[in-house]
Amino acid sequence: MSYHLPPLTWLRAFEAAARAGSFTTAAEELSLTSAAVSHQIRSLESYLGYPLFERLPRSVKLTSMGRAYLPAVRRAFDELSRTTFGLFGGQGERTITIRSTASYSVLWLAPHLKSFLQAHPEIDVRLHTAIWVEALNPDETDIDIRFGDGRWPGYQVELISNDNSVVVCSPQVAAQIAALTSLEQLQDFKCIHIMGREGRWEEYVSKLGVEIPLDLGIKVDTSLNALELAASGIGLALVQKSFAAAYLKDGRLVRPFDLELPSDESHYLLLPKGAKSSKPEALLFRDWLLAEANPERN
């Protein structure tokens, strides 16, 4: 098969300049002169027959054709980098630094991470946790895992999975709930409230078909805290289903109701847009995580 492609050096210059918004910055990354980068991009534009950049006084800006072409070029480089590393390994230190919320790190990532390490023993993983991840320097990490609505400017954002919320409690508390003569009596139980998830409890009991005042006197900052408090018998926790999986499996917690509550927020994987091209190790981890979190897609 004959491939009608421009030289890879031209494409590398295009991708680097598009990411940096500057021929000079791209030249520094590629260890070239600004004139060389400019020449390669002009050669690429001549080959394609379309301008890819608007030349501004101190920067460059992608044209509509440049914006349309860039995603395919990035995917091609990502695939080539990932496959080369996966087959032949890399040079020097092979480390990825992952930043995640504490609950996701402990309740989902840690129980699953073994399969990635077994598949890629040559990669060292550094896992950092933070409750408020936005407060940390993005330059310190290769991959961010965040919870929210998926809108983070400056990042390539990919949905990891959608996860409904469920109510869990200790078996002893569940037995008390089973003995209730009316759901209105749920107001006598403490509901553990996770900060930042305002209104979720009210929405849940409304879907149960009751309108009652709730005891939301216990407030925590992570799902991990909520689960541990619920397991101790203090009250009810409303958490993501995947977070409760280990507790439900070993019987520390049970679900007193079958109702699941959909969420308009989810966990996302973020790769910085403004940094150099993502490490092949990070791309391998991204592919593994998305497959591990969504086995039905495989």
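Two strands are taken to pair if DSSP finds at least two bridges between them. In this predicted model, strand S10, which spans residues 236-240, has such bridges to two other strands, S7 and S8. Strand S7, formed by residues 165-168, is joined to S10 by four bridges, and these two strands run antiparallel. Strand S8, formed by residues 190-194, is joined to S10 by two bridges, and here the strands run parallel.

The position of Ala237 within S10 illustrates both pairings, since Ala237 is the bridge partner of Val168 and also stands opposite Ile192. Strand S10 itself is mostly covered, with five of its five residues buried. In a regular strand, the side chains alternate between the two faces of the sheet.

The cysteines Cys169 and Cys191 were examined next. A disulfide is a covalent bond between the sulfur atoms of two cysteines, and a search of the whole structure finds zero of them. Cys169 accordingly takes part in no disulfide, and the cysteine sulfur nearest to its own, that of Cys191, lies 10 Å away. Seen from Cys191, the closest cysteine sulfur is that of Cys169, and because the 10 Å between them is too far for a bond, given a cut-off of within 2.5 Å for a disulfide, the two sulfur atoms are not counted as a bonded pair. Both residues are nevertheless covered by the surrounding protein chain in the sense used here: Cys169 is buried, with a relative accessible area of 0%, and Cys191 is buried as well, with a relative accessible area of 2%.

Methods. Residues are numbered from 1 along each chain as its sequence is written. This is a predicted model: local features need pLDDT of at least 70, side-chain atom pairs count only at pLDDT 80 or more; totals for chains, interfaces and linings use all residues. Side-chain values use heavy atoms; hydrogens and water are left out. Buried means under 20% relative accessible area, exposed over 50%, partly exposed in between (1.4 Å probe, protein chains only).
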